[in-house]
Amino acid sequence: LNNALVTAQSPRSLADTKAQPELWGRLVETSVGAHLLNSSLHNSIETYSWREGDREVDYVVRMGKTIVALEVKSGRKRDVTRGMETFAARYKPQRVLLIGEGGISIEDCISSNPKEWLR
């Protein structure tokens, strides 16, 4: 969960990495996950991921009985709504948030305390 360790030995520049949607998407998703897990060390929140078949939610954050589902979108082409819709119908989270393109900016996400999303 440390992109510096993932990219330190890479010969790719930032521009080259951003030009590869799959690689960039994994790095962005890992950054958000690292932020969530690091934040959970100082808060009473838990972080999970969820998958059922080909449907997934990148992160599920829970504090007590409050659940928030998070989907990270970095520009990769994929169906974001199917997994979120399935999860929301089954588990009834208090909030469903999109992080990245079309939602909360990656910068705002990483600079905020995830506990704020659980209020």
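**View 1. Helix α3, end to end, in this predicted model.** Helix α3 has 20 residues, and at 1.5 Å a residue these should span 28 Å. The C-alpha atoms at its ends do sit 28 Å apart, so expectation and model agree. Plenty of α3 is tucked away: among its buried residues are L23, L27, V28, V32, L36 and S40. Residues three or four places apart on an α-helix point the same way, because each turn takes 3.6 residues.

**View 2. The sheet that α3 packs on.** Four strands make an open sheet in the order β1-β2-β3-β4, with mixed pairing. Strands β1 (46-52) and β4 (95-100) are at the edges with a single partner strand each, so one side of each has no neighbour in the sheet. From one strand to the next, the twist averages 30°. Helix α3 (residues 21-40) touches β1, β2, β3 and β4, and its direction makes about 20° with that of β2.

**View 3. The β2 and β3 pair, where the strands run antiparallel.** Look for five bridges between β2 (residues 55-63) and β3 (residues 66-73). M63 stands opposite T66 in β3.

**View 4. S74, in the loop between β3 and α4 (80-91).** Loop or not, S74 has a relative accessible area of 19%, so with the cut-off for buried at under 20%, S74 counts as buried. Setting aside neighbours within four places in sequence, S74 is in contact with W24, G25 and V28. Of these contacts, G25 and V28 are themselves listed as buried in α3.

**View 5. Inside the largest nonpolar core, a set of 14 residues.** V32, L36 and L70 touch the most other members. Helix α3 and strands β2, β3 and β4 each supply at least two residues. Zoom in on L36 and, leaving out neighbours within four places in sequence, you'll find contacts with I45, T47, Y59, V61, L70, P114 and W117. A second, separate core of seven residues includes W50, V60, A69 and F87.

**View 6. An aromatic cluster of W50, F87 and Y91.** The whole structure has three aromatic pairs. The W50 and F87 rings have centres 5.3 Å apart and planes at 70°, so this pair is edge-to-face. With W50 in strand β1 and F87 in helix α4, the pair ties together parts 37 residues apart in sequence. W50 and Y91 are edge-to-face as well, with ring centres 6.3 Å apart and planes at 75°. Here, too, distant parts of the chain are linked, since Y91 is in helix α4, 41 residues from W50. Accessibility is 12% for W50, which counts as buried, whereas Y91 is partly exposed at 40%.

Terms used: Residues are numbered from 1 along each chain as its sequence is written. This is a predicted model: local features need pLDDT of at least 70, side-chain atom pairs count only at pLDDT 80 or more; totals for chains, interfaces and linings use all residues. Side-chain values use heavy atoms; hydrogens and water are left out. Two strands pair if DSSP finds at least two bridges between them. Axes are lines fitted to C-alpha atoms, for helices over the stretch in contact, and angles run from 0 to 180 degrees between N-to-C directions. Contact means heavy atoms within 4.5 Å. Buried means under 20% relative accessible area, exposed over 50%, partly exposed in between (1.4 Å probe, protein chains only). The expected span of a helix is 1.5 Å times one less than its number of residues. A nonpolar core is a set of buried Ala, Val, Leu, Ile, Met, Phe, Trp, Tyr and Cys residues joined through side-chain atoms within 4.5 Å. Rings of Phe, Tyr and Trp (its six-membered ring) pair if their centres lie within 6.5 Å; planes under 30 degrees apart count as stacked, over 60 as edge-to-face and the rest as tilted.
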